[in-house]
Amino acid sequence: MAKHILILLGLGAVARAAVWLYCGEGRFLVALPSVLWQSDCGEMLANIPLALTWEHTRPPLLALRGILKCAVWPAMHPAVVDLVMVSFADLGATIVIYLTFCRLSVPSRMALAVAGLWSISLIAWEYYRFAGTHNHLNPALMALVVYATVRRVQNPGLSADLLYGVAGAFLVASYGPGVLIVFFTALVSIPWRFGVRRMATSLVLAASLPALLFVIVGAKNYERFGTFSTTTYLSINLSQYGYISLGYEAPGRRLIDLMPDLKPSAWWRWCFERRLATDTSPAAALRGLQGQCLQFDDPASVREGLEQARLLKDDAMAKRLAADLRMSESAPWVLRVGNPPIMTSMTEVAHNDISKRLWPHLFRSEPLSLLRTFLMANRSFFVWGPLMFDGVHHEPHLIPAPKIINGLATGMAVLVMIGVVFGAGLCLLGAVRVVRFRGDLKMAVGRNQDLLLLCGLATAYFLTTIMINGVSCCENGRQFQSLSVIPLVAGTYLVARLSALLRGAVVPVS
């Protein structure tokens, strides 16, 4: 096993160095960061507590990543920091996924081959939108959660529960919907055979750290911005879900017609109409829906909005605009460091809270429109998601990695799709094998532990996906990467069992 780990580390490091020499420098070092970014970094490093308490668009780990990039500049280009960080994370994920395969009795050579190909394939994902927040760290953190789940089932105990808690906390700190998968997999891996007291203790130990992190960050955001979440960016997704459900032909006009039903505040309507005054395109209407009618880091622009709020007697918005004005005058950098650089102001958060009323209104009045958007979101997730593992099939202009890397990534997508399409078969096969033991549930589970564990993981995966795609209409293809480890493990396990059956071999069980 140690030899295989060294092979995986060496293979991954050499492949990444080769790709960097082939196209990395030309891709990453073409331009220096702007003077404004450098100035903002100096301000942020001088007041890190303010940066962390104000940042609400991103989960805390991504906010810390932004601080790290500022801390190492100018010794290292910020884009290189992103690449190095994600590359090291993916190398670690490769080892974790290999150890997971070994625990699930996947033959060692197959485990080595799949883990090695996955490691190289991830290079395409590392180079895709490398500087964004599009889930680049999440595959590594999800791999750790899956490994911790498997270990907790196979070897229940204090150390397994604590490992799961740490892995879950890291995922929650990086991924907005991470709390969903952490909660589901914590339930899946409860040691139910050891009694109610042991189950309750295990659940508390495993879930307390992720839950505590979620509560602390959510409470911080709620106290200042009124949204209990680790990332207010989810609020944008929810309002966009309703907006896209209006259709692609003149959605802005339809939104204007629906305004009386949404009961927007006076300033909300002024902001929306101001955004559309010079541009009536769907994109402009969407920006208006998100409250982007002012330059919030410009005191003059915010002051204009504040005067309008007072003129319209919209006290709630006036209070938030006054707070944003003070911040734009004293520390405008905090209104620019969010990623994405939208919804960083207190006003935009309140604006989006009103915008989200579009979703329940359509749910009552046009449920078929929301259903159409839900089906589109799932198509994006389950079809574009695996293909976006290399990005070639969706945004080829953003993929600088060599074609051979993209080809391997597409091949790995096939294995992932096997896990998606046939994941339900794991549950069916597990149920059939349990029934064969005719009531002796403990023996049935003991003999089919790996199979039922993967059934539980697949169930958690689909439940999480349904909830994500039920509130998010956009970026679902990129969302897929955060959870792709589960279908990767399921697909590999299914292929291993199938190959054993074709050889007439008996697959060992845990």
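Trainee: By about how many helical turns are Trp-267 and Trp-270 separated in helix α13?

Mentor: This is a predicted model in which local features need pLDDT of at least 70 and side-chain atom pairs pLDDT 80 or more, while totals for chains, interfaces and linings use all residues. Residues are numbered from 1 along each chain as its sequence is written, and side-chain values use heavy atoms, without hydrogens and water. Helix α13 (a DSSP run of H or I, at least four residues, numbered from the N terminus) covers residues 266–276. Because Trp-267 and Trp-270 are three residues apart within α13, their separation is about one helical turn.

Trainee: Are Trp-267 and Trp-270 buried or exposed?

Mentor: The criterion is relative accessible area with a 1.4 Å probe, protein chains only: under 20% is buried, over 50% exposed, and in between partly exposed. By that criterion, both Trp-267 and Trp-270 are buried.

Trainee: How many aromatic pairs are there, and why is the pair of Trp-267 and Trp-270 classed as it is?

Mentor: Rings of Phe, Tyr and Trp (its six-membered ring) pair if their centres lie within 6.5 Å; planes under 30 degrees apart are stacked, over 60 edge-to-face, and the rest tilted. The count by this rule is 14 aromatic pairs. For Trp-267 and Trp-270, the ring centres are 5.6 Å apart and the planes lie at 40°, so the pair is tilted.

Trainee: Which residues do ring pairs link into a cluster?

Mentor: The cluster is built through ring pairs. Its members are Phe-381, Phe-382, Tyr-461, Phe-462 and Phe-480.

Trainee: Which residue lies over the face of Tyr-164?

Mentor: A charge sits over a ring if NZ of Lys or CZ of Arg is within 6 Å of the ring centre and within 35 degrees of the ring normal. At 5.4 Å from the ring centre of Tyr-164, the residue over its face is Arg-152.

Definitions and conventions:
Helices (H or I, at least four residues) and strands (E, at least two) are DSSP runs, numbered from the N terminus.
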